[in-house]
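Let's take a walk through this model together, moving from the overall picture to a few places worth a closer look. Keep the viewer open as you read.

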Amino acid sequence: MTATLDPPVLAPAASPPPTRDLFVDVLRLFAIALVVAQHWLMPVIDYSDGHLVTSNALTVPGGWVVTWISQVMPLIFFAGGAATAMSLRRRPTGADRAWVAARLLRLAIPVLGLAALWLPLPHLMLALGMPAEPVSVGARLVGALLWFLGAYVLITLLSPALVRLADALRGRELIGFAAVAIAVDVLRFSFGAPDVLGYLNVIAVWGAVHQVGIHYGHGRLRDIRGLRAVALGALGFAAAALAVGFGPYPLSMVGLPGDPMSNMNPPTAVLLALAVGQLGLALAVREQIAAWAARPRVAAVVGRFSGSAMTVYLWHTPALVLVAGVAVLALGRDTPDPLSAEWFDGVTAWVAVLSVVLAAAVTIFSRLERVRLPRLAATDVGAGRLLTAGLLVGAGVLALTIGGFRPETLLDATGPLVAVVSIAVGVLLLLTGAARRTGSRWSSVARTGKVAS
């Protein structure tokens, strides 16, 4: 008897699709917690004679190993794709633009809250006599991690099309994403193409991981569990090891001082292998995580923190900048040698103070994640208005990623003020469409006594 091979596609979508997946919620919170921990523990700061020197604790011998677990952007994009799939499946037919508009507002409004403090704060610091260099460095770092939101704005604009692509190709499209990522790296590292070409991998790499999340949200990865998931994870980590062992990629999965290049900026194809490794391990324990998260008390905590996840991401770097500024400038405390006895002695207090500052920021600003938005109908935002608003928000976030809130660039063409105005105009474009729609409906009520459909 001749064996037959099934086509290399994923299983059909689950029916009915889930409305909430605690595994995805826990995965997102775990990933953000690791992001925060990594960024709080990495900095090595020295300030003397008015000059600030910063380094990275992960440059210690063997520190790169940590990044294979702590580089959790694959998990965040996967969780985002899963949430997108489950959310869009619940929307009525033709409501894609309204969904995208609402998601863009949820991304952009908290950034405006960040800007409300950090546009004036560096200037106030300088007016109080603080040294210019530390203020400038800190203000730039506050915006540096917004790259994630810039990438996510672009993927959000494409999300309805990506969901349809997943339904049509059932996994075959992942081959195309991977092929583009590999081709970009080959052109850069073998043929000397400019590094700017590498930013195509923002979509090729992170879009691929997001696409895997979409397939998960549609129920197509339900058979990947147990030993099968462990084998998948091992295959992914083995592929990453081969890539860094025999290819042009550095050992670290984040950019470290001294490395000839970064696997993150722009993203390289080796991150796809890392994503397979991490997702394989996560799926191997999915059922255990879901069972644990289903306990009433755990579910309540997960639900509460899930509603503030973006605020934590936005504000953990400002907390670091403010606490480090007080420690270095006011108290004269430089960072001890990483992993030394003195470093370990102080790390508990360091994290505790940072946690208090972050908790205060989350208490104040997390309400921006839950602000009541106008109910958007499919006709509220035209395609042109939606695209323009998305590009304005994305461009503003990109400008803040590059320059942050540095006071000396406030009025430059791509400075923080212009960037924030760009984001604000994008938000207003989305809100005014909804406002006009609401106004026209109530005008109809006034004229006819009936609610417009």
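## A guided tour of the model

Thr409 is a good place to set the scene: with a relative accessible area of 10%, this residue is buried, since anything under 20% counts as buried. Please keep in mind that you are looking at a predicted model. Thr409 sits in the loop that links helix H16 (383-403) to helix H17 (416-448). A polar atom of its side chain lies 3.0 Å from the backbone oxygen of Arg406. Leaving aside residues up to four places away in sequence, Thr409 touches Gly415 and Pro416.

Arg406 also leads us to a distant part of the chain. Its C-alpha atom is separated by 8.5 Å from that of Leu119, although the two residues are 287 apart along the chain. Leu119 belongs to the loop between helix H4 (96-118) and helix H5 (121-127). Is Leu119 buried or exposed? At 17% relative accessibility, Leu119 counts as buried, because the cut-off for that class is 20%. Beyond residues up to four places away in sequence, Leu119 touches Phe405, Leu410, Pro416, Leu417 and Val420. Pro416 therefore appears again here, as a contact of Leu119 as well as of Thr409, where contact means heavy atoms within 4.5 Å.

Let's step back for a moment to see the whole protein. The model has 17 helices and two strands. Of its 453 residues, 47% are buried. Among contacts with a separation of 6 or more, 81% are between residues 24 or more positions apart. The accessible surface comes to about 21,800 Å², and carbon and sulfur atoms account for 67% of that area.

With that overview in hand, we can turn to how some of the helices meet. The axes of helix H10 (residues 226-246) and helix H11 (residues 270-284) come within 7 Å and cross at roughly 160 degrees. That angle makes H10 roughly antiparallel to H11, because angles over 145 degrees fall in that class. The crossing of H10 past H11 is left-handed. On the H10 side, the residues that meet H11 include Gly226, Ala229, Gly233, Gly236, Phe237 and Ala240. Their partners on the H11 side include Val270, Ala273, Gly277, Gln278, Gly280 and Ala284.

A second pair of helices gives another kind of arrangement. How do the axes of helix H1 (residues 22-41) and helix H12 (residues 286-293) cross? They come within 8 Å and cross at roughly 95 degrees. H1 and H12 are therefore roughly perpendicular to each other. Leu22, Phe23 and Val26 of H1 make the contact with Arg286, Ile289, Trp292 and Ala293 of H12.

Now go back to the loop between H10 and H11, which is where you will find Thr268. Thr268 is buried, with a relative accessible area of 0%. Its side chain makes a polar contact with the side chain of Asn263, at 3.0 Å. Setting aside residues up to four places away in sequence, the residues that Thr268 touches include Asp185, Arg188, Phe189, Asn201, Val205 and Tyr249. Pro266 lies in this loop between H10 and H11 too. The peptide bond that joins Asn265 and Pro266 is cis, with omega about 0 degrees.

That brings us to backbone geometry. Most residues other than glycine have a negative phi, and most peptide bonds are trans. Against that background, two residues are worth finding in the viewer. Arg170 is not a glycine, yet its phi is positive, at about 50 degrees. Arg170 is found in the loop between helix H7 (147-169) and helix H8 (173-191), and at 29% relative accessibility it counts as partly exposed. Leu339, also not a glycine, has a positive phi of about 70 degrees. Leu339 is in the loop between helix H14 (309-330) and H15.

H15 is also where our tour ends. Val356 has its place in helix H15 (residues 341-365). At 58% relative accessibility, Val356 counts as exposed, because the cut-off for exposed is over 50%. Val356 and Ala319 are 37 residues apart in sequence, and their C-alpha atoms are 9.0 Å apart in space.

Key:
Residues are numbered from 1 along each chain as its sequence is written. This is a predicted model: local features need pLDDT of at least 70, side-chain atom pairs count only at pLDDT 80 or more; totals for chains, interfaces and linings use all residues. Side-chain values use heavy atoms; hydrogens and water are left out. Helices (H or I, at least four residues) and strands (E, at least two) are DSSP runs, numbered from the N terminus. Buried means under 20% relative accessible area, exposed over 50%, partly exposed in between (1.4 Å probe, protein chains only). Accessible areas come from the Shrake-Rupley method with a 1.4 Å probe; for residues, only the protein chains shown count as cover. A polar contact is a pair of N or O atoms within 3.5 Å; within protein, one must be able to donate a hydrogen and the other to accept it, and residues adjacent in sequence count only if both atoms are side-chain atoms. Axes are lines fitted to C-alpha atoms, for helices over the stretch in contact, and angles run from 0 to 180 degrees between N-to-C directions. Angles under 35 degrees count as roughly parallel, over 145 as roughly antiparallel, 65 to 115 as roughly perpendicular and the rest as oblique. A crossing is left-handed if the near helix is turned anticlockwise from the far one by less than a right angle, and right-handed if clockwise.
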